[in-house]
Amino acid sequence: MLANPMETALSRIRLAMPSLADLPPALAQDVSSNLTVLKLPAGSPVFRETEACPGFPIVLSGRVRVTRSLDNGRELNLYDVEAGESCVMSTGCLLGSTPYAAHGLCLTDVELALLPRGVFDRLLAEHAPFRAEVFVLFSERLARLMELVEAVGFQRLDQRLATALLGKGQRIDASHEQLAQQLGVSRESVSRQLKLFEERGWVQLGRGSVGIVDPRSLRQLAAGGQAAAQTINQAPASTNGPAA
């Protein structure tokens with residue numbers, strides 16, 4: 001006997017959000033009956049700025065990047081949503097009855113479950129474990145967004161770039177343009193800063209990649225270390241090295 005696709009999807013979102021594992025039968029039936037599963041290819045938009053939020057999405061597989069368009073025409077990456085996670089932007093729109101203030105794009109092929117607003121509202125009102133999990137996830141993501149706002153508003157570019165390079169292994173497969181988009185700045189400014197990093201022996205630049213040579217100095221700079229900051233701000237006598 002073949003499994004019911006909606007029951008299979010419900011089982012998967014229960015794994016993604018443990019608070020949905022012990023739903024009362026009537027509420028579980030409501031979720032199962034109204035649940036929509038979407039399969040989107042890489043490069044597809046999930047939502048756009050100014051659109052209304054149709055429901056509460058839960059990513060079952062793949063990765064979605066949420067980005068905000070800036071007044072200067074560039075984009076600032078806010079966060080990624082991966083398998084087992086929900087989107088704080090969608091949660092905020094549902095709670096505040098407001099349109100999206102950013103857009104989401106599939107970085108990979110994505111499968112997501114969508115709970116319509118009526119079911120989301122009922123779960124919040126009637127199922128305390130779901131309500132608690134939603135608000136915990138919301139507050140955690142909001143805290144990280146506040147860290148991003150602080151970095152953009154108060155940290156120097158060299159500190160932000162050093163932070164972006166750390167924690168991704170010894171080789172980062174990303175072009176200067178991709179790093180610039182992540183930071184919401186121009187490609188030229190990122191290229192200049194990476195060239196300075198390379199001249200100090202901190203990174204090794206390749207075509208479409210950055211090798212981490214001296215993570216200790218990068219960590220010191222990312223943390224606001226004065227010695228590293230003074231070193232990086234000293235103009236070198238010459239410039240050499242490949243561009244991305």
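This report covers the overall make-up of a predicted model, then its aromatic pairs and the surroundings of leucine 166.

## Overall make-up

The protein chain holds 10 helices and 10 strands. It has 244 residues, and buried residues make up 42% of them. The accessible surface is about 12,700 Å². Carbon and sulfur atoms account for 53% of that surface.

Contacts often span long stretches of sequence. Take the contacts between residues at least 6 apart in sequence: 71% of these join residues at least 24 apart.

## Aromatic pairs

How many aromatic pairs does a search of the whole structure find? The search finds five. One of them joins phenylalanine 56 and phenylalanine 120. Their ring centres lie 5.0 Å apart, and the planes meet at 20°. Planes under 30 degrees apart count as stacked, so this pair is stacked.

The partners come from distant parts of the chain. Phenylalanine 56 sits in strand S3, which covers residues 55-61. Phenylalanine 120 belongs to helix H4, residues 117-126. The two are 64 residues apart. Both phenylalanine 56 and phenylalanine 120 are buried.

## A second partner for phenylalanine 56

Phenylalanine 56 also pairs with phenylalanine 130. Here the centre-to-centre distance is 5.8 Å, with 80° between the planes. The cut-off for edge-to-face is over 60 degrees, so this pair is edge-to-face. Phenylalanine 130 lies in helix H5, residues 128-154. This pair, too, links distant parts of the chain: strand S3 and helix H5, with the two residues 74 apart.

Is phenylalanine 130 buried or exposed? Its relative accessibility is 0%, so phenylalanine 130 counts as buried. Phenylalanine 56 has a relative accessible area of 0% and is buried as well. Phe56, Phe120 and Phe130 form one aromatic cluster. Phe56 takes part in the stacked pair with Phe120 and in the edge-to-face pair with Phe130.

## Around leucine 166

Where is leucine 166 found? It is in the loop between helix H6 (157-165) and strand S8 (171-172).

Which residues does leucine 166 contact, leaving aside its neighbours within four places in sequence? They are Pro215, Leu218, Arg219 and Ala222. For one of these, leucine 218, a backbone distance is available: its C-alpha atom is separated from that of leucine 166 by 7.4 Å. Along the chain, leucine 166 and leucine 218 are 52 residues apart.

Note on methods:
Residues numbered from 1 in each chain as written. Predicted model: local features only at pLDDT ≥ 70, side-chain atom pairs only at ≥ 80, totals over all residues. Heavy atoms only, no water. Phe/Tyr/Trp six-rings, centres within 6.5 Å; stacked < 30°, edge-to-face > 60°. Helix = DSSP H or I, 4+ residues; strand = E, 2+ residues; numbered from the N terminus. Buried < 20%, exposed > 50% of the residue type's maximum accessible area, 1.4 Å probe, protein only. Contact = heavy atoms within 4.5 Å. Areas by Shrake-Rupley, 256 points an atom, 1.4 Å probe, with all protein chains shown as cover.
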